[in-house]
Amino acid sequence: MKRAEALRPWRLRARFAAGLSAMYAAEVPAYATLVEVSERVNANRVARHPDAERYGSLRRVTAERHGAIRVGGPAELAAVADLFAAFGMFPVGYYDLRRAASPVPVVATAFRPVNPKELARNPFRVFTSMLATRDRGYFPADLCARVQTFLKRRQLFDPALLARARRIAAEGTCDAAEADPFVAAAVSAFALSREPIDRPWYDELSRVSAVAADIAGVRSTHINHLTPRVLDIDELHRRMSGCGITMIDAIQGPPRTDGPAVLLRQTSFRALAEPCLFRDRDGAVSPGSRTVRFGEVEARGVALTRRGRDRYDAAMAAPDPAAVWGRHFPPTDAGMAAEGLAYYRAGDPGKPVVYEDFLPASAAGIFRSNLDSGLDSPATPADGSDESGYDAQWLAGAIGRDIHDPYALYEEASK
């Protein structure tokens, strides 16, 4: 008998992304509308603009998603790393959303393919936030200890699922017969739990941050958003509003200009109030709702070099970035390449290297635009000190994995 074909990680990754998308569409119907509108916008853009696919083929863009999840601490983040490694997804970049203009008490990394060929096959990414419990501006010592005790008592992933993931990652393939149950188990691990929530505990964490409550106020994790990619995000924003879906007010990231698209632009529909059950102090269970999931969409441009990022930061610091954009960036890819501001394959301005990562300010802006309150600004120590120790090196050590430098990956991709 002929042995069934073993599947490489990218095939598992494609199935994983598709499975999450189907689950999320069933749980959040507005997401299905977002995907449908995105696909129509993309098809129209390609039909009308000959260069529309210069940042990726319609096939790739149509299949492209990024997800977002939240975990409580290093042990949970290490488990996520083990799971995602089976799908050929590795930690890239360090993000400190506590330092964004709209601060949120998390630090993060993104799990994604790191090889250009793997990205072309399926570019699924998951932005993964970890609650910054060591930051005393958010979590006084007593609350920190109680949060950490809560986190130690929960189990996000079935140990058998993680063991299977580690074996697949080590072997580099997965038996075809094993693939469907493995992917299905991985997908179900990120479904929104309907287990009753301890109301006093959830409310206490909500007073610190809505994100803190979503992470450590429940006994599971879930997909917070699943993001399709669109080739014209301004048109998408208009069309979604025309469908009667409430969008956040602004598109996060760089302004729309006549020059090359750079980095990442994002928007979303507002987080929805979803039914849940709360358990009160007396043990009684009653219905309620919480607002934790929203529908994000993104448009991607060329990856900027460090010099380009310095210019970007300078432009975005202006009251009206669009008004000063031309002082910082030339209007053509040829000019961008000549000044060393962006990455192009073999230095050819006709071959931009797509930005595959995230912007902390945009991520925090999306998060805060979908929160119920403005309570996420911490009580910062008077001297401005931060003794939490969070940085990329700490995070890598905490999860026992190297965190890839995005610039090094873009530099390699541009050769």
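Before looking at the sheet I settled one term: two strands count as a pair if DSSP finds at least two bridges between them. I also kept in mind that the model is a predicted one.

**Entry one, the sheet.** With that rule in hand I looked up an open sheet of three strands, whose order is S7-S9-S10 and whose pairing is mixed. At its edges I found strand S7, residues 197-198, and strand S10, residues 285-300, each of which pairs on one side only. I then followed strand S9, residues 264-279, along S10, and noted that the two run antiparallel to each other and pair over 14 bridges. To fix one position for myself, I looked for the residue that faces Pro275, and it is Ser289 in S10. Helix H11, which covers residues 233-242, packs on this sheet and touches both S9 and S10, with its direction at about 40° to that of S9.

**Entry two, a buried salt bridge.** I turned next to the charged side chains, for which the structure holds 33 salt bridges. I began with Arg60 and Glu64, whose side chains meet in a salt bridge at 3.1 Å, N to O. Are these two partners buried or exposed? Since buried means under 20% relative accessible area, Arg60 counts as buried because its value is 10%, and Glu64 is buried because its relative accessible area is 0%.

**Entry three, bridges between distant parts of the chain.** I looked up Asp357 and found it in a salt bridge with Arg112, where the closest N and O atoms are 2.9 Å apart. This pair links distant parts of the chain, as Asp357 sits in the loop between helix H14 (333-338) and helix H15 (360-369), while Arg112 belongs to strand S4 (residues 106-112), 245 residues apart. I noted that both Asp357 and Arg112 are buried.

I then checked Asp405, which forms a salt bridge with Arg306, the closest N and O atoms being 3.3 Å apart. Here too distant parts of the chain are linked, with Asp405 in the loop between helix H16 (392-399) and helix H17 (406-413), and Arg306 in helix H12 (residues 306-316), 99 residues apart. For accessibility I wrote down that Asp405 is partly exposed, at a relative accessible area of 34%, and that Arg306 is partly exposed as well, at 49%.

**Entry four, a network.** Last, I asked which residues are joined into one network by salt bridges that share partners. They are Arg60, Glu64, Arg125, Arg229, Glu298, Arg300 and Glu356, and I recognised in this list the Arg60 and Glu64 pair of my second entry.

Definitions and conventions
Residues are numbered from 1 along each chain as its sequence is written. This is a predicted model: local features need pLDDT of at least 70, side-chain atom pairs count only at pLDDT 80 or more; totals for chains, interfaces and linings use all residues. Side-chain values use heavy atoms; hydrogens and water are left out. Helices (H or I, at least four residues) and strands (E, at least two) are DSSP runs, numbered from the N terminus. Contact means heavy atoms within 4.5 Å. Axes are lines fitted to C-alpha atoms, for helices over the stretch in contact, and angles run from 0 to 180 degrees between N-to-C directions. Buried means under 20% relative accessible area, exposed over 50%, partly exposed in between (1.4 Å probe, protein chains only).
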